[in-house]
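Colleague: I am new to this structure and would like a close look at one part of it, the aromatic rings and how they pair. Could you take me through that part slowly, and then set it beside a few other places in the chain?

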Amino acid sequence: MAIRIFFPSSTSFSTAQPSSTATRTSRQRRGFCCFCSSTSSAGAGDEVSSSSMMTVSITGATGFVGRRLVHKLLSEDHKVCVLTRSTSKASSVFPASRYPGVTVADKEGDWERCIRDSTGVVNLAGMPISTRWSPEIKREILQSRVNVTSKVVDHINSSDSSNGNGPSVFVSATAVGYYGTSETDSFDESSPSGNDYLAHVCREWEGRARQVKQEHVRLVLIRIGVVLGKDGGALAKMIPLFMMFAGGPLGTGRQWFSWIHLDDLVDLIYESLRNPAYTGVINGTAPNPVRLSELCERLGQVVGRPSWLPVPGLAIKALLGEGATVVLDGQKVLPARATQLGFSYRYPYVRDALKAIAKQL
């Protein structure tokens with residue numbers, strides 16, 4: 001097994017460009033189904049206390065972060081509705097034998113009912129971004145986020161929250177790509193947006209989420225950094241290189257790496273659902289970002305291998321084209337709001353995060 005590192009929104013290091021046929025097939029299969037373990041709900045006007053049971057609808061629940069969030073909620077005796085694009089995938093991730101009482105609904109009305117009967121909604125959906133960006137792929141990256149978010153917002157707004165029906169909180173993922181990239185500047189929630197493609201995607205993504213009726217629904221936008229965990233992630237392909245004594249940073253290694261451990265991100269989402277003080281934009285990053293060269297050095301120490309063979313930036317650009325910006329450029333993002341709110345990180349330092357992950361191997 002390998003330590004895996006996850007970029008927000010289910011990014012991966014797949015370098016194969018989908019064919020137009022595959023893309024059309026993927027689009028044809030995109031419908032939404034819902035796994036529901038409860039249809040009861042508190043009123044939208046009721047904030048959730050630490051002891052209250054929640055019913056949470058989740059998009060992207062079969063992904064790396066979503067799976068852990070579902071397990072967290074169920075372990076705390078909350079109810080979950082999983083909104084998914086693929087019935088077969090959801091059935092394999094959440095089999096009925098292990099998740100008794102969970103039902104599958106692939107009709108729009110059932111999806112709408114799931115959201116209406118929830119106390120909260122979490123939106124984690126979005127296609128991978130670490131691939132070669134053709135014009136078609138760039139449109140798909142944007143549309144996969146904007147379209148799903150729009151659907152969720154429409155269903156929340158139609159649930160008549162003003163009368164105490166529907167969810168009281170909407171937690172929607174976005175990404176630190178909102179800020180653009182820099183080797184010298186630091187960014188927090190008050191920083192302006194960047195001017196590159198990913199910043200544009202994040203602005204559109206967040207803009208759709210902001211269309212929720214905030215006079216009735218508390219909105220939390222979590223700008224997620226690179227998520228570190230064992231069971232998924234974009235930089236997992238680095239690990240075999242390290243194990244073969246061929247590991248090292250990508251490009252110069254000086255790019256900032258704003259990361260967060262999977263457990264801390266799930267805790268942050270969970271707290272955002274429960275705590276009415278969590279509102280607006282919150283950076284989903286650890287308080288101590290590092291340069292990529294330091295991450296690789298720490299990773300090498302954890303797996304007992306040196307970090308000595310960098311991958312030239314030109315090679316990555318040849319492989320990924322414009323998409324190489326995902327790994328060659330970075331940003332130093334600080335979680336000012338989470339710190340202000342008193343959020344307690346299990347893993348504030350990357351070395352501790354990697355050590356904890358290594359113990360699970």
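Modeller: What follows is a walk through the aromatic pairs, with a few other places added afterwards.

Please keep in mind that this is a predicted model, with a mean pLDDT of 82 for the chain and 80% of the residues at 70 or more. The confidence is not even along the chain, since residues 1-7 stay under 50 in pLDDT, and the stretch 9-46 is likewise below 50. Residues 1-7 nevertheless have 54 contacts beyond four places in sequence in the model, while 114 contacts beyond near neighbours in sequence are found for residues 9-46.

Turning to the rings, a pair of aromatic rings is described by the distance of the centres and the angle of the planes. The count of aromatic pairs comes to four. One of them joins tyrosine 178 to tyrosine 179, with the ring centres 5.3 Å apart and an angle of 85° between the planes, which makes the pair edge-to-face. Tyrosine 178 counts as buried because its relative accessibility is 14%, under the cut-off of 20%, and tyrosine 179, at 3%, counts as buried too. These two tyrosines also belong to a cluster, in which ring pairs link Tyr178, Tyr179 and Phe187.

Another edge-to-face pair is formed by phenylalanine 343 and tyrosine 345, whose centres lie 4.9 Å apart and whose planes stand at 90° to each other. Here, phenylalanine 343 is buried at a relative accessible area of 12%, and tyrosine 345 counts as buried at 13%.

An aromatic residue with another setting is tryptophan 308, which lies in the loop between helix H9 (292-303) and helix H10 (313-320). Tryptophan 308 counts as exposed because its relative accessibility is 51%, over the cut-off of 50%. Together with Phe245 and Leu309, Trp308 forms a nonpolar patch on the surface, and the accessible area of these residues together is about 330 Å².

For a buried residue that is not aromatic, one can look at leucine 69 in helix H2 (residues 64-75), which has a relative accessible area of 0%. Apart from its neighbours within four places in sequence, leucine 69 is in contact with Ile58, Val122, Leu124, Val266 and Ile269. Between leucine 69 and valine 80, which are 11 residues apart in sequence, the distance from C-alpha to C-alpha is 9.8 Å.

Notes: Residues are numbered from 1 along each chain as its sequence is written. This is a predicted model: local features need pLDDT of at least 70, side-chain atom pairs count only at pLDDT 80 or more; totals for chains, interfaces and linings use all residues. Side-chain values use heavy atoms; hydrogens and water are left out. pLDDT is the predictor's confidence in each residue, from 0 to 100. Contact means heavy atoms within 4.5 Å. Patches are made of residues with over 30% relative accessible area and no salt bridge: like charges are joined within 9 Å, nonpolar side chains (Val, Leu, Ile, Met, Phe, Trp, Tyr) within 5 Å. Accessible areas come from the Shrake-Rupley method with a 1.4 Å probe; for residues, only the protein chains shown count as cover. A salt bridge is a side-chain nitrogen of Lys or Arg within 4 Å of a carboxyl oxygen of Asp or Glu. Helices (H or I, at least four residues) and strands (E, at least two) are DSSP runs, numbered from the N terminus. Buried means under 20% relative accessible area, exposed over 50%, partly exposed in between (1.4 Å probe, protein chains only). Rings of Phe, Tyr and Trp (its six-membered ring) pair if their centres lie within 6.5 Å; planes under 30 degrees apart count as stacked, over 60 as edge-to-face and the rest as tilted.
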